[in-house]
Every structure is written in C-alpha cells, then in structure tokens.
Amino acid sequence: MRRFVPDEVLPSVLDIDLSSLKRRKIKGLLIDLDNTLVGWGESHMEPGFAAWIKQAREAGFEVCLVSNAMPDRVDAFASELDIPRVSKAMKPLRRAFCRALRVLGLETHEAAVIGDQLFTDVYGGNRLGLYTILINPLSTRELRTTRLVRRLERRLFRTMIKRGLVSPAVMTIRGRRGHS
Ligand SMILES: [Mg+2]
C-alpha cells in the first residue's frame, strides 16, 4: 500500500513548488507527458506548461520526459521543449526511470517523478525510491481503461485516508481538474 502513496498531491504541474524540491536536494524531474503536460490526445502543449518547463530548467533542474506513449508523439514534444525523453516507457516498470536517471546523470534520491496516474507514475517511482508528485489529469477525455483506472485510484485513496497514509484533503484536490 505504501508504494502507492505519493509524496505530494497537487492540482497541476504549475502548482509545484520548485524551491521546496531544491531544498530536498532534488535536481531532476522525470515528467509524464499525456494528461500531465498535454491533454490526452492533444497535439499542442499550452504555452503555460512549456513556460513552466523552461522556468524549471532555468532554476537548475534537469528535465526528462518519461512517457508510455509511442516515440513519434513523445519525440515531437521533447524536441519542442529541447529536453531528453524516454518513450514506450512501460511504467510502472523501473527500467524507464532508470534510463532517464542515466540520461540526466542523477541518483534516485536526486529526482522526482511527476505524473497524473497512481498506478504508473507514482507506483513506478516509489518502487525505485524516487520522490513522487501526483497531479490531476488535464483532460477527462480518456480511454475507457483509463477511466476504470481513475475509479480504482479513488478507491485506493479512500483506503489510504482510512489508514492515515494521506490527508483527506487529497480527495478535494483530486476532484478538481488539472487546468487552472
Ligand atoms: Mg499520464
């Protein structure tokens, strides 16, 4: 159960406190693409998200996209943002995160995983001992399987709350849309 508990739950990547990550000695961000930086199936990133990546890099963070999506899609965004990427990541398997760490030249304690899914981003990151930040999905237009995943996530969160593993406030944050 603890492997599913995110270190932080936030409405959007735009809510991430970069200076607090810095205080935790985190130097790299392994960031999910679909529904974290771009709406599901969308081909354009909103300028605010690209600006946030730029801001993170200017603040000294190394950033790598880690996505389960196909290379075509991930490469396009990675080159637009001018950052490295790992596509077809097969999260929650650890190897994609390991590859991203190698690309950035960082140790596990120096990186955070940012993503919208508990079972891929958070679970995968926690398995490796990475700092994990769960954000709300940008769009609710998703595959039917993903909608099922959302229901399972909510159920898991209710159990975590009962066991005192996360704050009940998580349900309120999670109920909100990722867009600010
Ligand atoms: Mg995602």
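**Exercise 1. Two cysteines**

Task: Decide whether Cys-98 is buried, partly exposed or exposed, and find how many disulfides the chain has.

Solution. Let's start with Cys-98 in this predicted model.

- Step 1. The relative accessibility of Cys-98 is 28%. Partly exposed residues lie between the cut-offs of 20% and 50%, so Cys-98 counts as partly exposed.
- Step 2. Now look at Cys-64, which has a relative accessible area of 0% and is buried.
- Step 3. For a disulfide, two cysteine sulfur atoms have to be within 2.5 Å. The sulfur of Cys-64 is 12 Å from the closest cysteine sulfur, in Cys-98, so a bond is ruled out by distance.
- Step 4. Cys-98, too, is in no disulfide. The count comes to 0 disulfides.

**Exercise 2. The metal site**

Task: Find which residues coordinate the magnesium ion, and describe how the donors are spaced along the chain.

Solution.

- Step 1. Look for the atoms around the ion: Asp-32 (OD), Asp-34 (O) and Asp-116 (OD) coordinate the magnesium ion at 2.1 to 2.3 Å.
- Step 2. Notice the atom labels: Asp-34 is listed with O, while Asp-32 and Asp-116 are listed with OD.
- Step 3. Write the donors in chain order, and you get the spacing D-x1-D-x81-D.
- Step 4. Check the burial of two of these residues: Asp-32 and Asp-34 are both buried.

**Exercise 3. Two sides of helix H3**

Task: Find where the buried residues of H3 sit around the axis, and name the exposed residues on the face turned away from them.

Solution.

- Step 1. Helix H3 covers residues 71-81, and its buried residues are Val-74, Phe-77, Ala-78 and Leu-81.
- Step 2. These residues span an arc of only 100° around the axis, so they are on the same side of H3.
- Step 3. Turn to the face pointing away from that buried side, and you meet the exposed residues Asp-72, Ser-79 and Glu-80.
- Step 4. What does the buried side pack against? Its partners are helix H2 (47-58), strand E3 (62-66) and strand E4 (85-86).
- Step 5. Just after H3 comes Asp-82, with a positive phi near 60°.

**Exercise 4. Helix H4**

Task: Repeat the reasoning for H4, and list what covers its buried residues.

Solution.

- Step 1. The buried residues of H4 are Ala-96, Phe-97, Ala-100, Leu-101 and Leu-104.
- Step 2. Viewed down the axis, they fall within an arc of 140°, so these residues line one face of H4.
- Step 3. Their cover includes E2, E3 and E4, along with strand E5 (111-115) and helix H5 (118-128).
- Step 4. H4 is followed by Gly-105, which has a positive phi near 70°.

**Exercise 5. Unusual backbone angles**

Task: Describe the backbone at Asn-35, Lys-88 and Pro-92, and say where each residue is found.

Solution.

- Step 1. Recall the background: most residues other than glycine have a negative phi, and most peptide bonds are trans.
- Step 2. Asn-35 has a positive phi, near 70°. It is found in the loop between strand E2 (28-31) and H2. With a relative accessible area of 1%, Asn-35 is buried.
- Step 3. Lys-88 also has a positive phi, near 45°, and is found in the loop between E4 and H4. Its relative accessible area is 48%, so Lys-88 is partly exposed.
- Step 4. Pro-92 is found in the loop between E4 and helix H4 (94-104). A cis peptide bond joins Lys-91 to Pro-92, with omega about 15°.

**Exercise 6. The whole chain**

Task: Describe the order of helices and strands, and work out why the chain counts as being as compact as a globular protein of its length.

Solution.

- Step 1. Count the elements: the chain has 7 helices and 6 strands.
- Step 2. Read them along the sequence, and the pattern is β-α-β-α-β-α-β-α-β-α-β-α-α.
- Step 3. The radius of gyration is 15 Å, and the globule rule gives 16 Å for 180 residues; these values are close, so the chain is as compact as a globular protein of that length.
- Step 4. Add the overall extent: the C-alpha trace spans about 40 × 35 × 30 Å along its principal axes.
- Step 5. Of the 180 residues, 51% are buried.
- Step 6. Finally, consider the contacts with a separation of 6 or more: 68% of them are between residues 24 or more positions apart.

Note on methods: Residues numbered from 1 in each chain as written. Predicted model: local features only at pLDDT ≥ 70, side-chain atom pairs only at ≥ 80, totals over all residues. Heavy atoms only, no water. Donors = N, O, S within 2.8 Å, 3.2 Å for Na, K, Ca; no water. Buried < 20%, exposed > 50% of the residue type's maximum accessible area, 1.4 Å probe, protein only. Helix = DSSP H or I, 4+ residues; strand = E, 2+ residues; numbered from the N terminus. Arc of directions from axis to C-beta. Contact = heavy atoms within 4.5 Å. Rg over C-alpha atoms; globule rule 2.2 N^0.38 Å.
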